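These are my notebook entries from a session spent on one model. I record what I looked up and what I found.

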Amino acid sequence: MIFSLGSRILSTVDPQCLAKIAWNFGFKGARSVLLFQKRMKQGVYFPPFLYLSILNSCNLRCQGCWVDVEAPRNAIDLDTLNRTVNNAREHGNAFFGILGGEPFMHPELLDFLAQHPDCYFQVFTNGQLITEKTAKALRQLGNATPLVSVEGTSTVSDERRGKVDVLNRTLRGLQNCLDQKLLTGVATSLCKSNIDDLLTVEWLQKLIDMGVHYTWYHTYRPVGPKICSELALTPQQITQVRKFVTSQRAKMPIAIVDAYYDHNGQALCPMATGISHHVAPTGAIEPCPIIQFATENIKDERGIYETFTSSAFLKDFRETAAQHTRGCIVLERPDLVKALATKHGAKDTTVRQTAIAELDSMTPRSSQWVEEEIPEKHWMYALAKRFFYHDFGVYQGLKAKPPVTK
Ligand code: SF4
């Protein structure tokens with residue numbers, strides 16, 4: 001698998017992009033995790049991976065979306081984005097996730113990327129606004145990988161994303177990325193309506209035949225103003241996803257990303273481990289994208305390092321989550337999320353101002369923390385996770401067992 005995946009990437013990705021992937025993401029990304037661990041030992045938490053939602057606007061209307069896409073535009077301005085990245089870089093960070101809304105609707109996105117040639121950015125996009133011209137500009141910059149979301153067959157895509165001809169428009173943007181030899185990924189939020197079509201060897205082979213280099217299977221989070229809980233996977237399906245991912249990683253020449261398990265197959269929450277936190281389009285600093293509460297903002301005078309490392313709110317969220325579950329505190333214990341937000345007098349960061357009501361409407365359900373723990377089958381993933389992506393010891397106090405719910 002490694003040889004065929006490696007030669008595929010080396011022969012289909014622009015050399016300058018390859019160099020930035022290897023150095024900015026590979027070397028400096030790994031170093032930022034080691035620095036994170038070193039700080040943790042001194043009780044200082046600053047995430048090596050920051051996820052920035054640079055605006056709320058989007059051209060699609062997806063089921064289960066928690067972003068205020070209907071609301072007037074909130075976008076983080078270029079100066080604030082630059083100040084944030086520069087301050088994080090001063091503390092060893094090099095990798096940033098760029099989300100929205102739809103990031104390519106932000107008029108300053110390419111200028112922003114251009115001003116940080118020594119960093120690496122993963123742009124979470126529906127791909128529909130990636131024209132040939134935009135893809136060419138990304139190639140010249142070399143420091144960003146588009147992660148294009150595909151949510152199903154043509155019919156399911158229209159249904160899932162609330163528009164027409166969604167899949168064709170997305171595939172056009174995806175093809176522009178591949179034609180410009182960008183390192184390109186495809187993400188799917190697995191749910192009941194697409195798991196049979198997209199959690200298959202046939203779909204992985206189709207991605208490989210298209211020239212896609214990596215894929216990321218998220219699991220659908222039934223949250224937000226229209227939760228569509230009927231789409232959520234069962235614990236058995238969550239286990240099925242884990243089994244599929246670990247077995248195909250060892251066979252198929254396509255990289256498969258996940259954020260919810262360590263090398264032994266133990267579940268984890270990136271927020272609870274402190275490896276990542278989220279910034280909303282208003283600049284509000286949130287524990288993670290679906291916890292829409294905050295007590296701090298990146299526009300604070302102190303700068304983000306000081307703001308993050310001194311946040312009692314983030315600290316309490318990490319520790320409370322780690323004391324109660326290895327899974328998702330939002331899905332399993334929405335009551336705890338509400339209690340923490342209330343305790344800290346946290347601001348509802350949504351424009352719709354219904355975050356508490358949405359928590360009240362949720363029925364606790366299982367998440368990535370299921371009975372069966374399935375370790376990595378391929379040594380490369382096992383090694384990478386053993387040293388750079390695990391629970392960093394935050395679950396030592398946890399006594400509970402995986403919740404047995406629907
Ligand atoms: S709280 Fe849930 S959605 Fe947020 S990072 Fe943790 S597992 Fe993911």
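**Entry 1. Strand pairing**

I began with strands β3 and β4 in this predicted model. Strand β3 covers residues 120-125 and strand β4 covers residues 144-149; the two run parallel and are joined by five bridges. I then looked up a single position in this pair and found that Thr125 has Val148 in β4 as its bridge partner. As a general point, strands of a sheet pair through backbone hydrogen bonds, and they do so either parallel or antiparallel.

Next I traced the whole sheet. It is open, has nine strands and follows the order β7-β6-β5-β4-β3-β2-β1-β8-β9, with mixed pairing. The edges are held by β7 (255-257) and β9 (285-286); each has a single partner strand, so one side of each lacks a neighbour in the sheet.

**Entry 2. Salt bridges**

How many salt bridges does the count come to? I noted 20. I then examined three of them one by one.

I took Asp258 and Arg249 to begin with. Their side chains meet in a salt bridge at 2.7 Å, N to O. I checked the burial of both partners. Asp258 has 14% relative accessibility, which is under the 20% limit, so Asp258 counts as buried. Arg249 has a relative accessible area of 1% and is therefore buried by the same limit of 20%.

I went on to Asp391 and Arg326, whose side chains form a salt bridge at 2.8 Å, N to O. This pair links distant parts of the chain, with the two residues 65 residues apart. I located Asp391 in the segment after α17 (379-388), and Arg326 in the loop between α13 (312-324) and α14 (329-332). Asp391 and Arg326 are both buried.

The third pair I examined was Arg352 with Glu358, where the side chains meet in a salt bridge at 2.7 Å, N to O. Are the partners buried or partly exposed? Arg352 is partly exposed at a relative accessible area of 22%, whereas Glu358 counts as buried at 11% relative accessibility.

I also looked for salt bridges that share partners. Such bridges join Arg242, Arg249, Asp258, Glu376 and Lys385 into one network. The Asp258 and Arg249 pair described above, at 2.7 Å, has both of its residues in this network.

**Entry 3. Arg333**

I turned to Arg333, which I located in the loop between α14 and α15 (334-343). Arg333 is partly exposed, with a relative accessible area of 29%. Which residues does Arg333 contact, leaving aside its neighbours within four places in sequence? I found His324 and Cys328. I also recorded a polar contact of 2.7 Å between the side chains of Arg333 and Asp335. As a distance check, I took Arg333 against Leu55: they are 278 residues apart in sequence and 28 Å apart in space, C-alpha to C-alpha.

**Entry 4. A nonpolar surface patch**

I searched the surface for nonpolar residues and noted a patch of about 580 Å². Its members are Ile2, Leu34, Trp379, Leu383, Phe387 and Phe388. Which helix gives the largest share of the patch? Helix α17 does, with four residues. I looked up Leu34 individually: it lies in helix α2 (residues 15-41) and counts as partly exposed at 44% relative accessibility.

**Entry 5. Backbone geometry**

I closed the session with the backbone. The peptide bond from Gly100 to Gly101 is cis, with omega near 5 degrees. I placed Gly101 in the loop between β2 (95-99) and α4 (109-114).

I then noted two residues that have a positive phi although neither is a glycine. One of them, Asp165, has a phi of about 55 degrees. Asp165 sits in the loop between α6 (154-161) and α7 (166-179), and is partly exposed with a relative accessible area of 31%. Lys181 likewise has a phi of about 55 degrees. I found Lys181 in the loop between α7 and β5 (185-190), where Lys181 counts as partly exposed at 26% relative accessibility.

Methods
Residues are numbered from 1 along each chain as its sequence is written. This is a predicted model: local features need pLDDT of at least 70, side-chain atom pairs count only at pLDDT 80 or more; totals for chains, interfaces and linings use all residues. Side-chain values use heavy atoms; hydrogens and water are left out. Two strands pair if DSSP finds at least two bridges between them. A salt bridge is a side-chain nitrogen of Lys or Arg within 4 Å of a carboxyl oxygen of Asp or Glu. Buried means under 20% relative accessible area, exposed over 50%, partly exposed in between (1.4 Å probe, protein chains only). Contact means heavy atoms within 4.5 Å. A polar contact is a pair of N or O atoms within 3.5 Å; within protein, one must be able to donate a hydrogen and the other to accept it, and residues adjacent in sequence count only if both atoms are side-chain atoms. Patches are made of residues with over 30% relative accessible area and no salt bridge: like charges are joined within 9 Å, nonpolar side chains (Val, Leu, Ile, Met, Phe, Trp, Tyr) within 5 Å. Accessible areas come from the Shrake-Rupley method with a 1.4 Å probe; for residues, only the protein chains shown count as cover.
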